[in-house]
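User: Hello! Could you walk me through the charged pairs in this structure?

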Amino acid sequence: QVQLVESGGGLVQAGGSLRLSCVAPVRTFSAYVMGWFRQAPGKEREFVAAIRWSGDSTYYANSVKGRFTIARDNAKNTVYLQMNSLKPEDTAVYYCAAGLLSPYSSGTALYDLRNYNYWGQGTQVTVSS
């Protein structure tokens, strides 16, 4: 069973920034779509951002567009989520995920957590007002 490992969460004031990292110990990291999801207390897990293997196709939830940036380093098997202008409503556990989606899959497929094969344990992000 592959376990992804997230890091970088913490407590930050509104307007601040955090950078999450996720290492994926998979054999062919570049073959995977990498995604970030989050889950706030009492809510369902929701899509945040995703990036295709080449790094030139990225997708964002409307709620984070313009504030968050996803990037990947295939040489390090690592995906990042740079979070700027954080808001209290961004408070959640953030999960990294890896999915073997077809290169021809639609962008909407990347929003669906059911299409991801491996997950991390999550890292807590708390934004105070």
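Analyst: Happily! This is a predicted model, where local features need pLDDT of at least 70, side-chain atom pairs count only at pLDDT 80 or more, and totals for chains, interfaces and linings use all residues. Residues are numbered from 1 along each chain as its sequence is written, and side-chain values use heavy atoms, leaving out hydrogens and water.

User: How many salt bridges does the structure hold?

Analyst: Side chains of opposite charge can pair when their charged atoms come close. A salt bridge here is a side-chain nitrogen of Lys or Arg within 4 Å of a carboxyl oxygen of Asp or Glu. The number of salt bridges in the structure is 4.

User: Is Asp-90 buried or exposed?

Analyst: Buried means under 20% relative accessible area, exposed over 50%, and partly exposed in between (1.4 Å probe, protein chains only). Asp-90 has a relative accessible area of 1%, so Asp-90 is buried.

User: What is the N to O distance in the salt bridge of Asp-90 and Arg-38?

Analyst: Arg-38 counts as buried, at 6% relative accessibility. The side chains of Asp-90 and Arg-38 meet in a salt bridge, and the N to O distance is 2.9 Å.

User: Which residues are joined into one network by salt bridges that share partners?

Analyst: Asp-90 also forms a salt bridge with Arg-67, their closest N and O atoms being 2.8 Å apart. Through shared partners, salt bridges make one network of Arg-38, Glu-46, Arg-67 and Asp-90.

User: Is Arg-114 buried or exposed?

Analyst: Arg-114 meets Asp-112 in a salt bridge through their side chains. Asp-112 is partly exposed, with a relative accessible area of 23%. At 70% relative accessibility, Arg-114 counts as exposed.
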